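Please look through the structure below, following one helix, the loops with unusual backbone geometry, and the enclosed space inside the protein.

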Amino acid sequence: KTAGSRDARRLLGAYQELVAAARGGAVMVDVSHKPPSLRRAIAESRVSMTREALTRLLRAEVPKGDVLATARLAGIMAAKRTSEIIPLCHPIALTHVSVELRVEESASAVTVGATVEALDRTGVEMEALVAVSTAALTIYDMMKSLDRSMIIGPTRLVFKSGGRSGQYPPEGSSA
């Protein structure tokens, strides 16, 4: 795509990235040539635990306090700080972050979902993934005295839209 554009600035940027990669270096991708567009991403994770631990969560009998409210807040805060956590991520002015936690009693688990939006030049997938990962880790931290065998995962990108690469999964796909 870049070679076909004949844009000297883009060609130079691509060349510099290839040279750095060939030397084993890591680079932050130059997004200055991209027009801002509405970016949206949805990610999810899951924390599975013993029935006893889930019962204590539902009864609000966890020594560290309100697990779900704390995890929600931790996820939102983490999304806003993704560029400080993940090397080479661009700082993004997020316009919306929501973290939802759904208790699944039959599976003895909590599913964490995050939706992140921004009007920017680069995607928000990492922000959504960091949000659900941090919320899941917060659940683990707050409940580890009740169940050290909790399992986190899978953690995955569910949806993304915006930008040149378009939508994931593509419309009409079964992914």
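In this predicted model, helix α3 covers residues 51–58, and its buried residues are Ala53, Leu54 and Leu57. Viewed along the axis of α3, these buried residues fall within an arc of 100°, so they line one face of the helix. What do the buried residues of α3 pack against? Their partners are two helices, α4 (67–80) and α6 (125–143), and two strands, β2 (94–104) and β3 (109–120).

After α3 comes Ala60, in the loop that leads from α3 to α4. Ala60 is not a glycine, yet its phi is positive, about 60°. Most residues other than glycine have a negative phi, and most peptide bonds are trans. Is Ala60 buried or exposed? Ala60 has a relative accessible area of 67%, and a residue counts as exposed when this value is over 50%, so Ala60 is exposed.

A positive phi is also found at Ser108, another residue other than glycine, with a value near 50°. Ser108 sits in the loop between β2 and β3, two of the strands that the buried residues of α3 pack against. The relative accessibility of Ser108 is 5%, and the limit for buried is under 20%, so Ser108 counts as buried. The two positive-phi residues described here therefore fall into opposite classes, Ala60 being exposed and Ser108 buried.

The backbone also has cis peptide bonds. One joins Gly153 to Pro154, with omega near 0°. Pro154 belongs to the loop between β4 (151–152) and β5. Another cis bond runs from Tyr168 to Pro169, where omega is near -10°. Pro169 is placed in the segment after β5, whereas Pro154 comes in the loop before that strand.

The last topic is enclosed space. How many cavities of 30 Å³ or more are there? The count is one, and the largest cavity holds about 30 Å³ of space. Its lining consists of Arg39, Arg40, Ala41, Gly123, Val124, Glu125, Lys160, Ser161 and Gly162. The elements that each supply two or more of these lining residues are β1 (37–48) and β5 (156–161). Strand β1 provides the largest share, three residues. By residue class, the lining divides into four charged, three polar and two nonpolar residues. The charged residues include Arg39 and Lys160, and the nonpolar ones are Ala41 and Val124.

Note on methods. Residues are numbered from 1 along each chain as its sequence is written. This is a predicted model: local features need pLDDT of at least 70, side-chain atom pairs count only at pLDDT 80 or more; totals for chains, interfaces and linings use all residues. Side-chain values use heavy atoms; hydrogens and water are left out. On a 1 Å grid over the protein atoms alone, a cavity is a set of points where a 1.4 Å probe fits but cannot get out, and a pocket is an open set with protein on both sides within 12 Å along at least five of seven lines; lining residues have an atom within 4 Å of a point. Grid points are joined across faces, edges and corners, and a volume is the space filled by probe spheres set on the points. Helices (H or I, at least four residues) and strands (E, at least two) are DSSP runs, numbered from the N terminus. Buried means under 20% relative accessible area, exposed over 50%, partly exposed in between (1.4 Å probe, protein chains only). The arc is that of the directions from the helix axis to the C-beta atoms. Contact means heavy atoms within 4.5 Å.
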